[in-house]
Amino acid sequence: MDASELEKLTLGQDMDARSATEIVGWAWETFKDDLVFSCSFSAGDMVLLDMLARIDAKPKIIFVDSCRLIPETYEFIDVVMDRYRIKPVFYFPDTKKLAAYLSENAPNAFRHDRELRLACCEIRRHEPLRRANAGHKAWMAGLRRSQCETRRAVTKVSMDPVHEGIAKICPIADWSWEQVFTYAKEHSVPVQPLYERGYMSIGCAPCTRASSSGDERAGRWWWESSSEREDGVHFIF
Ligand code: SF4
């Protein structure tokens with residue numbers, strides 16, 4: 001997939017003006033088996049999972065397990081697999097790279113060194129995602145502009161600026177936090193119980209905490225400034 005192919009597929013259409021359900025339907029109809037849904041089981045991803053289920057769309061659902069996730073996430077995945085009858089494909093960090101990183105650095109060394117933090121995210125999250133997306137034309141994620149400063153320019157359909165040769169689909173790019181939870185409530189979509197305990201974004205255990213700030217991702221890598229709070233999966237630094 002390249003930019004000109006994507007341009008042909010979206011020719012004459014204002015993709016950003018289309019609703020989330022329209023984008024989900026378009027992505028499935030357009031890419032079928034070439035579509036990957038990277039599901040982190042966040043509330044936004046649960047909305048997308050529900051929309052896909054309602055049109056009986058069956059893209060490859062992948063889950064990147066960094067091996068440092070909060071235990072409640074695994075409990076919640078059990079609930080979701082049962083409810084939606086899905087079998088996500090799990091991707092794990094490369095053991096050799098991880099062993100080398102851990103042998104060289106302390107397990108939580110990333111708390112004191114941003115380069116080590118990005119290196120940990122690269123090994124545990126970014127590289128497994130690249131492997132999962134390889135050979136596909138498009139991947140879908142629940143990114144929203146309102147989540148934080150670094151996501152303000154997210155569009156619904158674009159070529160991925162980080163992963164070469166693949167389109168990135170973000171159907172709920174223009175949704176607010178309230179819209180996500182209203183949809184979940186109205187459609188009886190399960191959401192991670194940690195949201196009720198003040199978490200606004202849920203990632204790895206040592207890098208996530210509850211937060212009451214307006215920035216939804218303030219509880220992720222909270223020791224870094226808001227403009228640095230990404231992991232390289234979605235943006236290049
Ligand atoms: Fe490592 Fe933290 Fe990134 Fe998870 S979020 S991959 S533990 S630095």
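Visitor: Which hand does the crossing of α3 and α7 have, and what makes it so?

Guide: The crossing of α3 past α7 is left-handed. A crossing gets that name if the near helix is turned anticlockwise from the far one by less than a right angle, while a clockwise turn makes it right-handed. Do keep in mind that this is a predicted model, in which local features need pLDDT of at least 70 and side-chain atom pairs count only at pLDDT 80 or more, while totals for chains, interfaces and linings use all residues. Residues are numbered from 1 along each chain as its sequence is written, and side-chain values use heavy atoms, leaving out hydrogens and water.

Visitor: Why is α3 called oblique to α7?

Guide: Helix α7 (residues 177-186) packs with α3 at about 45°, and their axes are 9 Å apart. Under 35 degrees would be roughly parallel, over 145 roughly antiparallel, and 65 to 115 roughly perpendicular; the rest is oblique. The angle falls in none of those three ranges, so α3 is oblique to α7. The axes are lines fitted to C-alpha atoms, for helices over the stretch in contact, with angles from 0 to 180 degrees between N-to-C directions. Helices (H or I, at least four residues) and strands (E, at least two) are DSSP runs numbered from the N terminus.

Visitor: Which residues of α3 and α7 meet, and how do they divide by class?

Guide: From α3 come Ala43, Gly44, Val47, Asp50, Met51 and Arg54, facing Val180, Phe181 and Tyr183 of α7; contact means heavy atoms within 4.5 Å. The classes are six nonpolar, one polar and two charged. Here Ala, Val, Leu, Ile, Met, Phe, Trp, Tyr, Cys and Pro count as nonpolar, Asp, Glu, Lys and Arg as charged, and the others, Gly among them, as polar.

Visitor: What makes α2 oblique to α3?

Guide: The axes of α2 (residues 20-31) and α3 (residues 43-54) come within 10 Å and cross at roughly 60°. That angle makes the pair oblique. The crossing of α2 and α3 is right-handed. Ala20, Thr21 and Val24 of α2 touch Leu48, Met51 and Leu52 of α3, giving five nonpolar, one polar and no charged residues.

Visitor: How do you know whether Glu22 is buried or exposed?

Guide: Glu22, in helix α2, has 40% relative accessibility and therefore counts as partly exposed: buried means under 20% relative accessible area, exposed over 50%, and partly exposed in between (1.4 Å probe, protein chains only). The side chain of Glu22 reaches the backbone nitrogen of Ser19 at 3.0 Å.

Visitor: Why is His163 called buried, and which side chains does it contact?

Guide: His163 has 5% relative accessibility, so it counts as buried. It lies in the loop between β5 (157-159) and β6 (167-169). Its side chain makes polar contacts with those of His126 at 3.2 Å and Asp160 at 2.9 Å. A polar contact is a pair of N or O atoms within 3.5 Å; within protein, one must be able to donate a hydrogen and the other to accept it, and residues adjacent in sequence count only if both atoms are side-chain atoms.

Visitor: Where are Arg85 and Trp221, and what makes each one buried or exposed?

Guide: Arg85, in the loop between α4 (71-84) and β3 (89-91), has a relative accessible area of 67% and so is exposed. Trp221, in the segment after α7, has 2% and is therefore buried. Neither is a glycine, yet phi is positive at about 55° for Arg85 and about 45° for Trp221.
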